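Please work through the exercises below with the sequence and the structure at hand. Each task is followed by a solution in steps.

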Amino acid sequence: MGWLYSIIIILVVLVAFILINGFRSKRAVTTLSEEDFKAGYRKAQLIDVREKKEFEDGHILGARNLPSTQLRTRYKELRQDIPIYLYCDNAGRSARAALFLKGKGYKNLYQLEGGFKKWSGKVKYSRK
């Protein structure tokens, strides 16, 4: 019976962690529809946080690749005075990247709703 209580406690802690992280992510980044994203990303830093291979397989025209796995060491490459538009495949990594950047003092963080998988705009391919 003790193991059942242990499993329940672990599940409760896990659910609480997921909910708290989700709430923090929503406060760190503004999620934009594709229309709103298209309207503003040309005046911003457009950052693809997917890995290099994913980026080379296709990315939004004008995007710069800054993989989320390298963000902790390369975040200073981003300017704080210009909005940052982030995207990944489905908005999970971009939300975590925004949360990290918010903690480093960055403001004006936006992400593409649904990520690159939902993107219907212009795409550039680096690999054939």
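The exercises concern a predicted model and treat its sheet, one strand of that sheet, its aromatic rings and one buried residue.

**Exercise 1. Determine the strand order of the open sheet and identify its edge strands.**

Solution. Strands of a sheet pair through backbone hydrogen bonds, either parallel or antiparallel. Begin with β1 (residues 30-32), which runs parallel to β6 (residues 109-112) and is joined to β6 by three bridges. Within this pairing, Thr31 stands opposite Gln111.

Next, take β5 (residues 84-87): three bridges connect β5 to β6, again in parallel. Here Ile84 has Leu109 as its bridge partner, and Leu86 stands opposite Gln111.

Continue from β5 to β2, where the parallel pairing extends over four bridges; Leu46 is partnered with Tyr85 in β5. Finally, β2 pairs with β4 in the parallel sense over two bridges, with Ile47 opposite Arg64.

The resulting order is β1-β6-β5-β2-β4, an open sheet of five strands with parallel pairing. The edge strands are β1 and β4 (64-65), each of which pairs on one side only.

**Exercise 2. Describe how helix α5 is placed relative to the sheet, and state the handedness of the unit it forms with β5 and β6.**

Solution. Helix α5 packs on the sheet and touches both β5 and β6. The direction of α5 makes about 145 degrees with that of β5. Together, β5, α5 (residues 92-103) and β6 constitute a β-α-β unit that is right-handed.

**Exercise 3. Sort the side chains of β5 by the way they point, and decide whether they are buried or exposed.**

Solution. In a regular strand the side chains alternate between the two faces of the sheet. In β5, Ile84 and Leu86 point one way, whereas Tyr85 and Tyr87 point the other way. All of these residues are buried.

**Exercise 4. Classify the ring pairs Phe37-Tyr41 and Tyr41-Trp119, and place them in a wider cluster.**

Solution. A pair of aromatic rings is described by the distance of the centres and the angle of the planes. The whole structure contains eight aromatic pairs. For Phe37 and Tyr41, the centres are 5.9 Å apart and the planes make 25 degrees, and the pair is stacked. Both Phe37 and Tyr41 are buried.

For Tyr41 and Trp119, the centres are 6.0 Å apart and the planes stand at 75 degrees, so this pair is edge-to-face. Tyr41 belongs to the loop between α2 (34-40) and β2 (45-48), and Trp119 to the loop between β6 and β7 (123-124); the pair therefore ties together parts that are 78 residues apart in sequence. Tyr41 and Trp119 are both buried.

These rings belong to one aromatic cluster formed by Phe37, Tyr41, Tyr85, Tyr110 and Trp119. In addition, the charged end of Lys38 sits over the ring of Trp119, 5.4 Å from its centre.

**Exercise 5. Characterise the surroundings of Leu112.**

Solution. Locate Leu112 in strand β6. Its relative accessible area is 1%; because residues under 20% count as buried, Leu112 is buried. Setting aside residues up to four places away in sequence, the residues that Leu112 touches include Leu32, Phe37, Leu86, Tyr87 and Trp119. Among these contacts, Phe37 and Trp119 are also members of the aromatic cluster. As a last step, compare sequence with space: Leu112 and Asp36 are 76 residues apart in sequence, and their C-alpha atoms are 8.9 Å apart.

Definitions and conventions:
Residues numbered from 1 in each chain as written. Predicted model: local features only at pLDDT ≥ 70, side-chain atom pairs only at ≥ 80, totals over all residues. Heavy atoms only, no water. Pairing = 2+ DSSP bridges. Right-handed = clockwise from strand over helix to strand, strands pointing away. Phe/Tyr/Trp six-rings, centres within 6.5 Å; stacked < 30°, edge-to-face > 60°. Buried < 20%, exposed > 50% of the residue type's maximum accessible area, 1.4 Å probe, protein only. Lys NZ or Arg CZ within 6 Å of the ring centre and 35° of its normal. Contact = heavy atoms within 4.5 Å. Axes fitted to C-alpha atoms, helices over the stretch in contact; angles between N-to-C directions.
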